[in-house]
Amino acid sequence: MVGIRPKRLMSFYVRFGVQLLIIGLAIGICCGCGTPSAYASATGDSEGLSSLQSATLQRIIDEAEPGSVVVLPEGSYSGAIVIAKELTVQAADNVVLTNTTSSPAVMIKADGVVLQGLRITQEYADEETAAVLVQADDTALTELRIKTQGSGIMLRDANEAAIFNNEVTWYRARDTNGVSSNEARPRGNGIDLYNSRGSRIERNRIANMKDGIYLENSSQLIVEKNRIYSSRYGIHCMYIDESRIVGNIGEYNFTGAMIMGVKNAQISNNSFLKQNRNVYSQGLLLYDVQTSTIERNYVEGNRVGIYIERSSNNELMENSVYRNFIGIQMLGAENNKLHHNDFVANVIEAEATNSKDNELYHNYWDSAQGLDMDDDGISEIAYAINPFYQQMIADKPAFMLFFQSPGMAFLSAMYTANREQWTTDRSPFMHLNVALDETAALSSGDVVKERVLSKETFMLIIACMLLITASLTIIYSGVIKS
Amino acid sequence: MTDLLQIAKREIKIGFRNPWSYSFLVLFSVFSLCLLLINSRNEVSGYSGVTGSMLSLILYLLPLMALFLGSFSLTAEKEEGSWQLLSTYPLGTLPFLVGKFAGLSIVLLTIVTFGYGLMGFIAVLLGITFELNTYLLFLAFSCGLVLLFLSVALFVGSLSRNRWQALTISVMLWFFLVIGWPAILIAVLGVLPYLWIKPLLTLLTLLNPAELVRLFVVIKLGGGSVLGPEYYRWVSWIREPGGSLAFVLVFITWIAGSIACVYWIWERRRSRG
């Protein structure tokens, strides 16, 4: 099952890309069909045009009774709108709102607004300009499709919001030659919360933004089952209290989740995969995190699987750390409990410096030499983490070139100073703690079995050819007398 | 050209009748299979613990094999007097040396190919997921490593008087380039001013075929980011196709350079006796 996952994710990724393309085309066609008639009636001044159209949509909203349900008819609208009363705004199948002004496409100023199914294109390029800006409580944003050159959804002092099933992607502007013209522009965040308590962010999809989900100075948040791709940080928490980050998937971001200054959080069942492009990439980064629980996460193929710095009194359990360059890295992390985690096929399993009083037990390290005398599945030999390499590169980063060089392994093995102070797993497990299928279920997607098979056949053919060529050469030139 | 081909043919024949070749073939096949079986539960792709340990195995074993077979072949010429005999024929030193290199490379590449063929075959039979790109990358770079060290071996062979000397120098060089390398560099560069470290390290890495090949494979496997911010621009450059081209250029320069050196030494000995 393990072998299939990356392909599955890739296929999902491709499908996702195709979907985006179709949406993009649809928007293009809509804009193409919608604007000519508008142009005919307008004076030709595009500023005037957009204000005219936004006036239409704005009028629909202004004329609606507070507390009523407004269903927007199919079509394309433009300009910024403001919702300043309690309303439920639902969009029909194909409602596109394009905004070129410097104000947010939709601004919500009244409590209890519901916004559903709208497609928003925010064309004004500015990091700080959101497609949807919420400054009120009890807002529900669902099934929005946002393409933006700025930020996606921004919440400011907005409590108890529900943000479900939205899609936020970067709007790739093209110039007349079809060359992307805004590639280097600073991007905004997908979903950006500030000073907003008790919000729920669930099942959103975010791609190519700065931070997928940025949470600052808030508490009691629930971030669940979101998928974030190709952004800077998947989930970025700053000064968050008592929140739950559960079941999210991050791929190909710089860092899957950057958790900073957080207390009492629950981070579980997330998958962070393939965060390895950048020299500072991590799957899960914990900095100044206190009294939190990090459990049953799956980190695979990252530069560093789990990175913990200056964090204390946390509990990390039942995480699966697979195929990372460095499995877990600890720097000044104290009094944490790490147990029942699996470390498999990482190039370096663990590194720890200045990390005292951490309690490590019952983890599975696939390269550790375990010895189980009494058959209880627990090794009697402790597993100590050698800090030599990390200490060396801390002084002179140029020596990172020796990462896993055969000579480096030789040198580290000779270094045993202060062994009693090394971070040590006193009783490693002999077998895996977490069955993999459980975590594999997290990253859903279609299994492409046929291709795996044909690849195997291909491999078999190549291997046989190599073997036969080599054997023939040996027989022909070594064995047969000429 | 015919001289060169004759020498190469003779070398291949001798090479495949040399029990050393087969002992290395068995050693390489057995070790690579063991590694594969130990990691049979894991998929072999990208830069991970599995590919990391395979890379280490290759770096330990293949240079040693190339150094021994290559240097012994040249010293045997001297010890057994066949070079004295050949010298009486109108045979140039360059065709002789290039012929030797060509013949030996075919012997060594056959050993490597056999090992990989067997490994791939067994991997498929046992249902181990072995990504094709990773497999081919490993094959290509094992071949590259063998050829680079073969040119070093010719150098060793031309400097030594007999097999014993060749053996001693080979082991010494192998230990220095493969195992002692980081220790020596860390010790020496640690004394120098901080700003010199990176340029010197880069330069010295270009001179060590084992490190050169290792870093290239790590970067091509997608593990470049682990080398840290210091080498970020390098890594992203090598990842592109242009990087492979540059590697091929360095590779050719390396081999051509060392054959030129060997030619010079050999020619000097020939004229001075």
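At what angle do the axes of helix H1 (residues 2–16) of chain B and helix H5 (residues 93–125) of chain B cross? The first legend answers this.

**View 1. Helices H1 and H5 of chain B cross at roughly 40°.** This is a predicted model: local features need pLDDT of at least 70, side-chain atom pairs count only at pLDDT 80 or more, and totals for chains, interfaces and linings use all residues. Residues are numbered from 1 along each chain as its sequence is written, while chains are lettered from A and ligands numbered from 1 in the order in which they are written. The axes of H1(B) and H5(B) come within 7 Å. Axes are lines fitted to C-alpha atoms, for helices over the stretch in contact, and angles run from 0 to 180 degrees between N-to-C directions. The crossing angle makes H1(B) oblique to H5(B) (under 35 degrees counts as roughly parallel, over 145 as roughly antiparallel, 65 to 115 as roughly perpendicular and the rest as oblique). H1(B) passes H5(B) in a right-handed crossing (the near helix is turned clockwise from the far one by less than a right angle; anticlockwise would be left-handed). H1(B) contributes B:Asp3, B:Leu4, B:Ile7, B:Ala8, B:Glu11, B:Ile12, B:Gly15 and B:Phe16 to the contact. Among the H5(B) partners are B:Pro95, B:Phe96, B:Lys100 and B:Val107. Two residues are in contact if their C-beta atoms, placed from the backbone, lie within 7 Å. By class, this contact has twelve nonpolar, three polar and three charged residues. Ala, Val, Leu, Ile, Met, Phe, Trp, Tyr, Cys and Pro count as nonpolar, Asp, Glu, Lys and Arg as charged, and the others, Gly among them, as polar. Helices (H or I, at least four residues) and strands (E, at least two) are DSSP runs, numbered from the N terminus.

**View 2. Helix H10 (residues 209–220) of chain B packs with helix H6 (residues 132–159) of chain B.** Their axes lie 10 Å apart, at an angle of about 165°. H6(B) and H10(B) are therefore roughly antiparallel. The crossing is right-handed. From H6(B) come B:Leu137, B:Phe141, B:Gly144, B:Leu145, B:Leu148, B:Phe149 and B:Val152. H10(B) answers with B:Pro209, B:Val213, B:Phe216, B:Val217 and B:Lys220. The classes are ten nonpolar, one polar and one charged.

**View 3. Helix H3 (residues 49–79) of chain B also meets H10(B).** The two axes come within 11 Å and cross at roughly 155°. That makes H3(B) roughly antiparallel to H10(B). H3(B) passes H10(B) in a right-handed crossing. B:Leu55, B:Leu59 and B:Pro63 in H3(B) meet B:Ala210, B:Arg214 and B:Val217 in H10(B). Five of these residues are nonpolar, none is polar and one is charged.

**View 4. UniProt lists transmembrane regions in chain B, from an unreviewed entry.** Residues 171–197 and 245–266 are among them. Over residues 171–197 of chain B the chain is 89% helix and 0% strand, with end C-alpha atoms 28 Å apart. Residues 245–266 of chain B are 100% helix and 0% strand, and their end C-alpha atoms are 31 Å apart. UniProt positions are in the numbering used here, feature names are shortened, and annotations may be inferred rather than shown by experiment.

**View 5. Twelve strands of chain A form an open parallel sheet.** The order is S3-S6-S9-S12-S15-S18-S21-S24-S27-S30-S33-S36. Strands S3 (81–83) and S36 (348–353) of chain A are the edges, each pairing on one side only. Two strands pair if DSSP finds at least two bridges between them. The twist averages 10° from one strand to the next. UniProt, in an unreviewed entry, places "domain: Periplasmic copper-binding protein NosD beta helix" at residues 179–368 of chain A. That span is 0% helix and 55% strand, and its end C-alpha atoms lie 51 Å apart.

**View 6. Parallel bridges link S15(A) to S18(A), S18(A) to S21(A) and S21(A) to S24(A).** Four bridges join S15 (residues 191–194) to S18 (residues 211–219) of chain A. A:Asp192 stands opposite A:Tyr214 in S18(A). Seven bridges join S18(A) to S21 (residues 233–241) of chain A. There A:Ile213 stands opposite A:Ile235. Six bridges join S21(A) to S24 (residues 255–263) of chain A. A:Tyr233 stands opposite A:Thr255 in S24(A).

**View 7. Chain A touches chain B through 49 residues of chain A and 52 residues of chain B.** On the chain A side, helix H4 (406–414) and helix H6 (449–479) each give two or more residues. H6(A) supplies the largest share, 17 residues. The chain A side divides into 28 nonpolar, 15 polar and six charged residues.
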